[in-house]
Amino acid sequence: MAERVAVVGCGQTKHEATRGDISIPGLVREAAMRALIDADMGWDDIDAVVIGKAPDFFEGVMMPELYLADALGAVGKPMLRVHTAGSVGGSTALVAASLVESGVHQRVLTVAFEKQSESDAMWALSMPIPFSQPLLAGAGGYFAPYIRAYMARSKAPDDIGVMVALKDRQHALNNPYAHLHEHDISYDSVKDAMMLWDPIRYSETCPSSDGAFAMVLAGEDTADASPNPAWIQGSAMRSEPTIAAGRDQVNPAAGRECALDVYRQAGITNPREQIDTAEIYVPFSWYEPMWLENLGFAEEGEGWKLTESGATTLGTGDIPWNCSGGVLSTNPIGASGMIRFGEAAMQVRGMCDQRQVDGAKVAMGHAYGGGAQFFSMWIVGSEKP
Amino acid sequence: MPAGSRDVAIVAVAQTEHKRSETIKNDVEMIMPVLAEVKSSLGLTQADLDFTCSGSTDYLAGTAFSFVTTLDGVGPMPPIAESHVEQDGAWALYEAWVKIQTGKADTALVYAYGKSSPGDLPKVLSRQMDPYYVGPLWPDAIDMAALQGRALLDSGRSSQDEWAEIASARRIAAKANPNATISGDHTAADILATDPLKDPLRLHDCCPISDGAVAVVLAAGDRARELSDSPAWITGIDHRIEAHSLGVRDLTSSPSTRLAAEKAGLGDKPVDLAELHACFTPQEVILAEALGLGAAGGSGSVSINPSGGALSANPVMAAGLVRIAEAASRISAGESERAVAHATSGPCLQQNLVCVLEGGK
Amino acid sequence: MSDDTGEGPAPIALPDGLWFAPEVSVEGISALEGVERVRSKRIPARLDYTYTAGEATSRSLAAMKEKRIIGEKCPEFGYVYTPPRGASANSGLPTTEQVELAHRAIVTSFCVVNISFIGQGVEVPYVNANLLIEGADTTTFGLIQEVDPSEIEMGMWVEPVWKPDEELTHSWENIKWWKPTGEPNAELDLYREHV
């Protein structure tokens, strides 16, 4: 049986379009130091460091963990660098958790970041692959046709996406760390915004952000001494190819299977009832209803009904999603997955202040990447498993 | 469970011929034969493998998200549990070893690949340096290795004669390695008669440019015994990183290698074989000293780099995992009883991994 | 900068010999008192790469030069992939057998783009569509032109509009765009798996 693991410290930066006030090491240290202070630990207490981020062309530094070893107190320690595309923030947390689960280390610092204002994120995201057709419409242009397909399959009303964007951006107003704080946002302001890749409006699209998130993961002995550990109840990752016969990119098998594995470990048979809140990777509004179905919170074709009924809204709903504001409000690409995993942990640790779900005891963190093909998920809880 | 309590072994390895330049196959076509070979040699399909982990880097490929297309070569349909490190495959092997220790996997496929030929490798590697102060000076990888060589000479602990002996011995050994990029019969004297490339380094003090891939399969306990008559057991594995700036490090020693070796239990018993990921001859001297291997020329009881080492084939991102694979195959063949394999990352041996392997049931 | 004040985690103590702090004189710092800080630096970086198309891609681009669209087959499952990239992701095997594909495709889905990502030559709004080329088992994507975006539907048949013969190169850009053939939409069963 694997060792028990808990999150005992969380820290993040204020996420912005450009953190021009700080260097790359400064950015990661801002998050890492906050996590250490939260964990009541010093750099010396950490056994190993696991860092994750998306492609290095986003900052123009190759394998930046080599440069950042000093800044993260990793000198003399084992250091790993994970890269699994958009899901990387989540996979990084899972690799860190493995180090503790396996008994190899007791206390691991894990950080995920992106300072994508430094290079050219648009270019790096849609860098032409030699001998391949260039993307005609950027990243959103890849996902928009699948969203249209979901709308056709489910016969959802046209404005479900608008509701999701409104909700997530309103949630972000409760989160001092979120990038976008749209105080004047309304249903109409979202709906009237220009269609960027019809059916996705500009107002329903994630921003480009600089930011970092860090956590301290600890084994049972250390976690028992912590005032509010978030125990990992289950975790998994799954990958499938970008292009293959039989791929369902609207309801990917890798997502479904990853969730089933995590639920099995955590003893979840009814996600909607047993999970108190979830931080789910929704970079374009319609991914909320799509993932509600993919993750079994709703039957196939019915995910949009949960959104429409307000079930995923903080305060009024029984299964609030993305109380942090989600990817729609903050998106440093390499960090976004860890922000999901970390905000889920913060919910069950009662650390979320204005965005706290009252009495949250079980929360889910989720990340995906690539052409809806890489998935990493975890479930954390205030009770020891 | 206590660390390392599950016995994990390497049960199969496969490598490409590491060519100077692979201009016919793209990355995924290059890796498919080794992935197929390592699975078919065990009679396994992808579905039989519990976890997959790979190592590669975008900066070598010259495209973002480069590992995504090569994953197709694994055949990840239905979906698989898979992860990737932007590091040499030796670190992917470490991640897979840890996964098996958690009990969530009994077998793992680990692979790594890289084509160095598309870009100007020494220049590409300069992008690893501190982007504020050092990167803008574009110090290439050979420049930095030369700095390290100069420091080693100045310490009085080595000589260019010693380096030439190493260069000669490795290329001669490589003649027996069908996967090596280069091999040859130069004597140390022949080498010393050539002009410096970047003083104090000569051409033969440097590794070649190589394109290639490697794959291994890990298995735990009885599963390993089922799959192989002679598994190569990983009895210890650890890795450590040093500070980044060349100015705050003693470039003539490798304390992270020494520390990793200690944590991996290298010193518990003697080894008879060492595969060291030294891309430059001075680095081999430094590593042999850090690992306590005695005279670097390989005289005495330890055979150093019988494969020819990275000096004969350096598929960047795979070269470290290749060292582990080479040591493992000699263990499995009964040519070695206890071996150490080493992998490195970063400028002038900044980060190092040590893996100790033993034969036996 | 950050709002962390003073009390941070204690400084690190390193294992022997892994790092040493060189003797540093800080006398010169006070002389910089009035000097404007460097807040950022734009550092150009250029790297040149020579890319290899790979065997499967080379074959498909050679066909493109001859105005032919080909896919390649998975040796285990028989699925046809286009454009072929070398591996059948379903099996992990190299695709080797070429299949000639018809010059028509079903629009399985699409989006209407209102900001130009392509640059010159294409006006906004334009349509980026997922296309199931007849004979293939995977979709590719393409630009749709010569029709009002509001008239495009899932299930529509389209055909490629090629560059003039003298402009053909080894590239999928030989197909400038796709346009409706005018025939009735495809039965859902023909492309059901792809929506």
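Here is a short back-and-forth about how the chains of this predicted model are built and how they touch.

Student: Let's start with chain C. What order do its elements run in from the N terminus?
Tutor: Chain C has two helices and ten strands. Reading from the N terminus, the elements of chain C go α-β-β-β-β-β-β-β-β-β-β-α.

Student: And what share of its contacts, counting residues at least 6 apart in sequence, join residues at least 24 apart?
Tutor: Chain C has 195 residues, and buried ones make up 32% of them. As for its contacts between residues at least 6 apart in sequence, the share joining residues at least 24 apart is 57%.

Student: Now to chain A against chain C. Which element of chain A gives the most to that side?
Tutor: The contact draws on 40 residues of chain A and 44 residues of chain C. On the chain A side, α1 (24–39), α5 (138–154) and β5 (195–198) each put in at least two residues. The element that gives the most, with nine residues, is α5(A).

Student: How many nonpolar residues does the side of chain A that touches chain C have?
Tutor: Split that side by class and you get six charged and nine polar residues. The nonpolar count is 25.

Student: Is the pairing of β5(A) with β6 of chain C parallel or antiparallel, and which residue stands opposite A:Asp198?
Tutor: Two bridges join β5(A) to β6(C), residues 105–113, and the strands run antiparallel. Opposite A:Asp198, in β6(C), stands C:Val112.

Student: What about chain A against chain B: which element of chain A gives the most there?
Tutor: Here 50 residues of chain A are in contact with 49 residues of chain B. The elements of chain A that each supply at least two residues are α2 (65–68), β3 (79–82), α3 (88–101), β8 (230–239) and α9 (253–266). This side of chain A has 29 nonpolar, twelve polar and nine charged residues. Giving the most, with five residues, is α3(A).

Student: Moving inside chain B, how far apart are the centres of its two domains?
Tutor: Domain 1 of chain B covers 8–120 + 209–232, while domain 2 covers 140–206 + 233–358. Taken over C-alpha atoms, their centres are separated by 23 Å.

Student: Which element gives the most to the domain 1 side of that contact?
Tutor: Domain 1 of chain B brings 37 residues to the contact and domain 2 of chain B brings 29. On the domain 1 side, β1 (8–15), α4 (89–101), β4 (107–115) and β7 (211–220) of chain B give two or more residues each. With six residues, the one that gives the most is α4(B).

Student: At what angle do α4(B) and α12(B) cross?
Tutor: α12(B) spans residues 319–332, and its axis comes within 6 Å of that of α4(B). B:Gly89, B:Ala90 and B:Leu93 of α4(B) make the contact with B:Gly320, B:Leu321 and B:Ile324 of α12(B). Those residues divide into four nonpolar, two polar and no charged. The crossing angle is roughly 65 degrees.

Student: Last one: which residues touch the most other members of the largest nonpolar core?
Tutor: That core has 309 residues. Leaving aside neighbours within four places in sequence, B:Val110 is in contact with residues including B:Gly89, B:Leu93, B:Val216 and B:Leu321. The residues touching the most other members are B:Val110, B:Val216 and B:Leu321.

Key
Residues numbered from 1 in each chain as written. Chains lettered and ligands numbered in written order. Predicted model: local features only at pLDDT ≥ 70, side-chain atom pairs only at ≥ 80, totals over all residues. Helix = DSSP H or I, 4+ residues; strand = E, 2+ residues; numbered from the N terminus. Buried ≥ 20, exposed ≤ 12 C-beta atoms within 10 Å, placed from the backbone. Contact = placed C-beta atoms within 7 Å. Nonpolar A, V, L, I, M, F, W, Y, C, P; charged D, E, K, R; others polar. Pairing = 2+ DSSP bridges. Domains from an automatic or database assignment. Core = buried A, V, L, I, M, F, W, Y, C linked by C-beta atoms within 7 Å. Axes fitted to C-alpha atoms, helices over the stretch in contact; angles between N-to-C directions.
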